[in-house]
Amino acid sequence: MNKKTMFSTLVLLASLAGGAQASTTALPDPRIAERLACLQRPAAKPDFPARHKYDGRRGMLRVKLRFEPNRAKPKIEVLYALADASMQELAFDYLEAYRLPCLQEGDPPIEAVQEMEFSPNSDPEPMPLVVGDAADPCVVMPREGPDYRPVMSSSRIQHVIAHARFDTAEAPEVRFLYSTGDSRAEQAVKEYLVRYRMPCRKAGDPPFEFEQSFHLDPGNATGRHVLTRTELGLREFLGMVKNVDKLTADFDLNTMACPFKLAVNLRQPLLPNAVSEIGRPDPNRLAFLRWLSQLPMNWRDPRQENELFNSRINLTIPCGVVRLNPPPSPQGVSS
């Protein structure tokens, strides 16, 4: 059975009790930092899986590496995993080649945290190695995707957006926010999500919630629509919008800490687009983000609309002004 599952987007909704929270980070032992300075990594980074280049799949992996004297490769403990099996295999092959040659007999083991992000726009990039424990969240997903077994005659992609809530470290509660999936698809997604765990959770921690979107393809059709470009400027994006000549807008981007980048998951006209900021957020952008969430794409046909539902693009927003058919300024106010 040919199975394809794409995790289009993940939105983490950490529920913080009692308003703002402060955190304290312990400074690393300088002797450990000195030993990590001799770390040897493979010269070549792993390649992003070619078969996922245009399906929008992304991933994130955080692991704890434990280096011990007289042991060549590090021990690897998964702390956070939102990456499919193919991405994790690439990451593990790469990380197992790490070496710490200056660690001598009698030295204590050294632990450090390594993160890797997977994006169709670039090969996986290891983040700087960090000494000490990783911060929450510590969501760990199964290595294998949902066990989706479609009806043989089905060729239509199905979409399921689920909400999961952790109140303990064990299985989360799951409900569906949106679904075009049949009962098989929904059951596969639910059985998959209840296998997620949060091993770092402690008694008394506030609830942790997230949304995850599933793009379930039976795999028996050819010529699927894909976005061959996922990095766009604002002008290019507006050129893809339906009835752009009838839109009304008046935004001064110069007041929004421009330039900046946004991630947009295309859900219109079925749902509002999911728009999030990349990098430091700014409350001055909220009205602009809300406006972008209401813009439907100019899809040519229902099949394209379905197959590209929830596709993600990254928008580069320049400085300047967005002024489209603005309403006339009021001439006066009568009392």
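A nonpolar core is a set of buried Ala, Val, Leu, Ile, Met, Phe, Trp, Tyr and Cys residues joined through side-chain atoms within 4.5 Å. In this predicted model, the largest such core has 29 residues. The protein chain holds 6 helices and 15 strands. Of its 335 residues, 43% count as buried.

**The chain as a whole**

- The protein chain exposes about 18,100 Å². Carbon and sulfur atoms supply 51% of that area.
- Take the contacts in the chain with a separation of 6 or more: residues 24 or more positions apart account for 76% of them.

**The nonpolar cores**

- Six members of the largest core touch the most other members: Phe237, Leu262, Phe288, Trp291, Leu292 and Leu315.
- Several elements each supply at least two residues of this core. They are helix 4 (234-238), strand 11 (249-252), strand 12 (260-266), helix 5 (286-293) and strand 14 (311-317).
- Another core, of 23 residues, lies apart from this one. Among its members are Tyr80, Val160, Ala162 and Ala188.
- Look past the neighbours of phenylalanine 237 within four places in sequence. Phenylalanine 237 then contacts Leu232, Leu266, Leu292, Leu295, Met297, Ile313 and Leu315.

**Leucine 295, a buried loop residue**

- Leucine 295 sits in the loop between helix 5 and helix 6 (302-307).
- Its relative accessibility is 2%, so leucine 295 counts as buried. The cut-off for buried is under 20%.
- Beyond its neighbours within four places in sequence, leucine 295 touches Phe237, Leu238, Val241, Leu247, Gln268 and Asn273.
- Leucine 295 and leucine 247 are 48 residues apart along the chain, and their C-alpha atoms are separated by 9.0 Å.

**Strand 7 and its partners**

- Strand 7 (residues 158-166) is mostly covered, with 8 of its 9 residues buried.
- Strand 9 (residues 208-217) pairs with strand 7 in the antiparallel sense, over 9 bridges. Here alanine 164 has phenylalanine 210 of strand 9 as its bridge partner.
- Strand 8 (residues 173-179) also pairs with strand 7 in the antiparallel sense, over 6 bridges. Valine 160 has serine 179 of strand 8 as its bridge partner.
- A hairpin of 6 residues links strand 7 to strand 8.
- Glutamate 209 belongs to strand 9. Its relative accessibility is 17%, so glutamate 209 counts as buried.
- The side chains of glutamate 209 and histidine 163 are joined by a polar contact of 2.9 Å.

**Helix 3**

- Which residues of helix 3 (residues 183-193) are buried? They are Ala185, Ala188, Val189, Tyr192 and Leu193.
- Seen down the axis of helix 3, these buried residues fall within an arc of 125°, so they line one face of the helix.
- Aspartate 182 caps the N-terminal end of helix 3. A side-chain oxygen of aspartate 182 lies 3.1 Å from the backbone nitrogen of arginine 184.

**An exposed loop residue**

- Is aspartate 47 buried or exposed? Aspartate 47 counts as exposed because its relative accessibility is 53%, and the cut-off for exposed is over 50%.
- Aspartate 47 is in the loop between helix 1 (30-36) and strand 2 (59-67).
- Methionine 87 is 40 residues from aspartate 47 along the chain, and their C-alpha atoms are separated by 9.5 Å.

**Backbone exceptions**

- Most residues other than glycine have a negative phi, and most peptide bonds are trans. The residues below depart from one of these habits.
- The bond joining cysteine 258 and proline 259 is a cis peptide bond, with omega about -10°. Proline 259 is in the loop between strand 11 and strand 12.
- The bond from glutamine 268 to proline 269 is also cis, with omega near 5°. Proline 269 is in the loop between strand 12 and strand 13 (274-278).
- Asparagine 243 has a positive phi, near 55°. Asparagine 243 lies in the loop between helix 4 and strand 11. With a relative accessible area of 42%, asparagine 243 is partly exposed.
- Asparagine 310 also has a positive phi, about 70°. Its place is in the loop between helix 6 and strand 14. Asparagine 310 is buried, with a relative accessible area of 2%.

Technical notes:
Residues numbered from 1 in each chain as written. Predicted model: local features only at pLDDT ≥ 70, side-chain atom pairs only at ≥ 80, totals over all residues. Heavy atoms only, no water. Helix = DSSP H or I, 4+ residues; strand = E, 2+ residues; numbered from the N terminus. Buried < 20%, exposed > 50% of the residue type's maximum accessible area, 1.4 Å probe, protein only. Contact = heavy atoms within 4.5 Å. Areas by Shrake-Rupley, 256 points an atom, 1.4 Å probe, with all protein chains shown as cover. Pairing = 2+ DSSP bridges. Polar contact = N/O pair within 3.5 Å; in protein donor to acceptor, adjacent residues only side chain to side chain. Arc of directions from axis to C-beta.
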